Structures are given as structure tokens and as C-alpha cells.
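Student: I'd like a close look at one spot where two helices pack together. Could you walk me through it?

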Amino acid sequence: MRTTRTVRLVIVLGLLLGTVGCAKEVTGSARPDPVTAPLALSADGYGIVAGFDDAPAQIEIFTEPQCTHCHDLQAQFGDQIAYYLAVGGVQVTYRPLTFLDEEGQGYSAAVVNAMFAAAEPAGDSTTSGVQFQRFVEELWAQQDPGGPAFTGDELRTIARSSGLPEPVADAVSKAREVVDIDAAEENNFELLYTAEPVNTGTPTVVDLASGEKVDISDAAWLDQLVAP
């Protein structure tokens, strides 16, 4: 039977306090978790869901691979998101978009396809929610708006450096379409527009409990959602 969120928090905090020279919990840094945060596709198939279903905070992140503000979101809050995924504090549904591709399917489409490939099992190997979050962070850290799409070898290197299992990293590197990019764009943009019809853009974070857009200019937004 899967442990509850409370038990997971106690286990992880016990590990933190038992570590030599680390007597203070730092919420901005991820810690190893004996219970692996799961990863799955959303019910509509166009979102990637990281984290436990009983997490107190449930959010959607609308993001575009060439959006520089999306890069800033990951740079500023990526570690904190990974931490809360590990301890069961948040469940994140990533809703990637590709509207910054100038013609057809280019850089953004390749990154989005790689994200969905990372969420698929490869044999007996699966990506955890925290590993996926690290993959997202690294993809945006190496962002090259308007540049050429990542090669298969580059995607494999990013996947492996993010901790994805070797078979999954190999699958990520292949030029195999694992999601209908156009359908995903249409579906996710409609959801984004519903959440924010005035200033429609990325990154947009939505609190699924309230259906409201989150003010990510407040540095404490995630802490407040997890422990209001």
C-alpha cells in the first residue's frame, strides 16, 4: 500500500535531519526521497503529470520551449518544484505549447515531443516525477530561442544528465513522434485561454483547486500553495 503524504514528509525530514552538517531544511533544494514521485499523462493525453495525487497543491504550468520567461521560471523555482514533488507537497501538470515555432514543427515541437517521450515507459524503465522536473529544468537551461532543434544526441545527453534511465534517454533521442503536436497545441492553448483570456501567454501557472491563475511574481507563491 502506498504511504500517505504525511508519512512521506516524516521520512524525508528524518533523512534530512540525520544528514551530517545539514540540520536545517532548505525548501529550495531537492532531497532524495525513498518513495518515488510518479509520472503519468493527463486524462486528455496532452499534459504530463508529475507527483502524487494526494499532494495538497495541484497546479498546471503552461510553458513554451522558446519562451525566455519560462526559462526564468525554471531557473528561479525549478529546484523548489523538484523538492515539493519529492516530499509530496505538489503535483504538477505540464501543458507544453509550440506557438513560437515560426513555420510548422521546429525547435519547440522537438522539445515538446521529447517531454512526452520522457514520460513513456521504456521496457521496465520509467521516469519519476522528480527526474522529469530535472529534465524540464535542463531543457530550459539550455534554451536557444530561434536556434536549431536539439539533435538526438543532445537530447540523450540532457536526459541522462537529468537522471532519466538509460532506456528512456535512448527513446527520447529518437526522432519518433510520440504525441500529436498540433492536437496538443490546440488543446493546451484552449485550456490556457480559458484560464487567462486577457494576457494569454507563457509561463502561466494555474491553481487547479481554485481554477485561478497564480501570481508567480510573488517569490513565495509555491510555499503559499503548499501550506496556505
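Tutor: Here's a walk through one helix pair, starting with the chain around it. Keep in mind that this is a predicted model. The protein chain has 8 helices and 6 strands, and from the N terminus on they run α-β-β-β-α-β-α-α-α-α-α-β-β-α. Of its 228 residues, 48% are buried. If you take contacts between residues at least 6 apart in sequence, 73% of them join residues at least 24 apart.

Now for the pair itself. Two packed helices are described by the angle between their axes and the distance between the axes. Helix α4 covers residues 129-141 and helix α5 covers residues 152-161; their axes come within 8 Å and cross at roughly 130°. That angle is neither in the 65 to 115 range for roughly perpendicular nor over 145, the mark for roughly antiparallel, so α4 and α5 count as oblique to each other. The crossing of α4 past α5 is right-handed.

Which residues do the touching? On the α4 side you'll find Phe 135, Glu 138 and Leu 139, and they meet Leu 155, Ile 158, Ala 159 and Ser 161 in α5. Sorted by class, this contact has 5 nonpolar, 1 polar and 1 charged residues.

Away from that pair, a word on cysteines. Cys 67 is buried, because its relative accessible area of 7% falls under the 20% cut-off. Cys 70 is buried too, at 1% relative accessibility. As for disulfides, taken as cysteine sulfur atoms within 2.5 Å, the count is 0.

Note on methods
Residues are numbered from 1 along each chain as its sequence is written. This is a predicted model: local features need pLDDT of at least 70, side-chain atom pairs count only at pLDDT 80 or more; totals for chains, interfaces and linings use all residues. Side-chain values use heavy atoms; hydrogens and water are left out. Buried means under 20% relative accessible area, exposed over 50%, partly exposed in between (1.4 Å probe, protein chains only). Axes are lines fitted to C-alpha atoms, for helices over the stretch in contact, and angles run from 0 to 180 degrees between N-to-C directions. Helices (H or I, at least four residues) and strands (E, at least two) are DSSP runs, numbered from the N terminus. Angles under 35 degrees count as roughly parallel, over 145 as roughly antiparallel, 65 to 115 as roughly perpendicular and the rest as oblique. A crossing is left-handed if the near helix is turned anticlockwise from the far one by less than a right angle, and right-handed if clockwise. Contact means heavy atoms within 4.5 Å. Ala, Val, Leu, Ile, Met, Phe, Trp, Tyr, Cys and Pro count as nonpolar, Asp, Glu, Lys and Arg as charged, and the others, Gly among them, as polar.
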